[in-house]
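Colleague: Let's go through this one in short questions. Show me the sequence and the structure.

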Amino acid sequence: MIEKFEPSSDDATAYPLLDAANGRTPSRRPVWFMRQAGRSLPEYRKVREGIGMLQSCFRPDLVCEITLQPVRRHDTDAAILFSDIVVPLKAAGIDLDIVSGIGPVIEHPVRDAAAVDAMPVLDPEQVEPVAEAVRLLRGELPAGVALIGFAGAPFTLASYLVEGGPSRNHERTKALMYSDPATWHALLGKLADLAITFLTVQARAGAQAFQLFDSWAGALSLADYQEYVAPHSQRVFDALRESAPTLPSFHFGVGTGELLGAMGRVGADVVGVDWRVPLDEAARRVGPGKALQGNLDPATLMADRGTVETQVKRVVAEADAARAAGATGHVFNLGHGVLPNTDPDVLTRVVGLVHSL
């Protein structure tokens, strides 16, 4: 039995993001950007100079500063905790590193039942620096700006562990999934436990919402997603709903147009949509009763000012049309993360435009 707790909140403060996620009418259309805290900001590059990615993620003062930077600059309606999806794996004791230009690299890939059995369990104390960063942020964030925690979904974490790093085709991952389903489900069960622990730590420290990133789920067919992935992601959402029933949940993956209905059914309150599917069509695929998040193509931000404004207005119009298809709200975002060479002034203008519509 998971002990219930109530996330801290300020009843006198309106949070546009939380209102939209919960189906209420926000004071303004909320907007934030995946990877809003990152290489597109000169202040980020300056503060991270000479400090490795994983080292940064375990320094509460640095996590707090980096998380706040895009809020100060852009006036976004949410801050997302600066971290990485492999942080809980590293904290638990798995030998990995984030290599510049490559991404996470696993020293000893997990490819059989013995390796799964040997995987360590995450203890909440091992991510106490993350909890401390959340507590610092709740004391620093402006009124009305919600703090989003996050974790990697079991499938995406499994892909890194099995492949040993990023993969274009996920061939080792799928081979294990198909050839040894018992080991596969044992692996995803352990990774679901890890995600639950990591998210619960963030929630108890003060995170006001959370997003489960299944970045690579789009590599799967609908049938495979339903059989091999959905039950484990659902267990994460179920556990957080039981322990923190007022905490809104978000779910996102890339290239998941054919999976949107199934992703909605695993339990999130808000389903993120990449740029490939219009939001009104996404609402039909997800089904009624869910809010949507997205979905401007990140590459659009490289276009001229008039084009950016036209595309932002198109996304907003499609989001409004999605209400007729049953969507309960909309959070403006990109269809994936901010590209590193994005002009931050463009992001600031987009926030202002979305707030004006």
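**Strand, core and backbone**

Colleague: How many residues of strand β5 (residues 209–213) are buried?

Modeller: Buried means under 20% relative accessible area, exposed over 50% and partly exposed in between (1.4 Å probe, protein chains only). Strands are DSSP runs of E of at least two residues, helices are runs of H or I of at least four, and both are numbered from the N terminus. The rest of the structure largely encloses β5, because the buried residues number five of the five.

Colleague: What kind of model is this, and how are its values filtered?

Modeller: Side-chain values use heavy atoms, without hydrogens and water, and residues are numbered from 1 along each chain as its sequence is written. Totals for chains, interfaces and linings use all residues, local features need pLDDT of at least 70, and side-chain atom pairs count only at pLDDT 80 or more, since the model is predicted.

Colleague: Which β5 residues point the opposite way from Ala 209, Gln 211 and Phe 213?

Modeller: In a regular strand, side chains alternate between the two faces of the sheet. In β5, Ala 209, Gln 211 and Phe 213 share one direction. Pointing the other way, and also buried, are Phe 210 and Leu 212.

Colleague: Which strands pair with β5?

Modeller: Pairing needs at least two DSSP bridges between two strands. Five bridges link β5 to a parallel partner, residues 146–152, and that is β4. Four bridges link β5 to another parallel partner, residues 249–252, and that is β6.

Colleague: Which residue of β6 is the bridge partner of Gln 211?

Modeller: Gln 211 sits in β5. On the β4 side, Gln 211 pairs with Phe 150. In β6, the partner is Phe 250.

Colleague: Which hand does the β-α-β unit of β5, helix α11 and β6 have?

Modeller: Helix α11 covers residues 222–243. View the strands pointing away: a clockwise path from the first strand over the helix to the second is right-handed. This unit is right-handed.

Colleague: Which side chain makes a polar contact with that of Gln 211?

Modeller: Gln 211 is buried, because its relative accessible area is 0%. A polar contact is a pair of N or O atoms within 3.5 Å; within protein, one must be able to donate a hydrogen and the other to accept it, and residues adjacent in sequence count only if both atoms are side-chain atoms. At 3.1 Å, the partner is Gln 293.

Colleague: Which helix gives the largest share of the largest nonpolar core?

Modeller: A nonpolar core is a set of buried Ala, Val, Leu, Ile, Met, Phe, Trp, Tyr and Cys residues joined through side-chain atoms within 4.5 Å. This core has 100 residues, with Leu 17, Leu 89, Leu 161, Leu 187 and Tyr 225 touching the most other members. The largest share, 13 residues, comes from residues 181–205, helix α10.

Colleague: How many residues of α10 are buried?

Modeller: The helix spans 36 Å from its first C-alpha to its last. It is mostly covered; of its 25 residues, the buried ones number 18.

Colleague: Which peptide bond is cis?

Modeller: Most peptide bonds are trans. Here omega is near -5° for a bond leading to Asn 295, which lies in strand β8 (residues 291–296). The cis bond runs from Gly 294 to Asn 295.

Colleague: Is His 170 buried or exposed?

Modeller: His 170 lies in the loop between α8 (154–163) and α9 (171–179). Its phi is positive, near 55°. At a relative accessible area of 3%, His 170 is buried.

Terms used. The expected span of a helix is 1.5 Å times one less than its number of residues.
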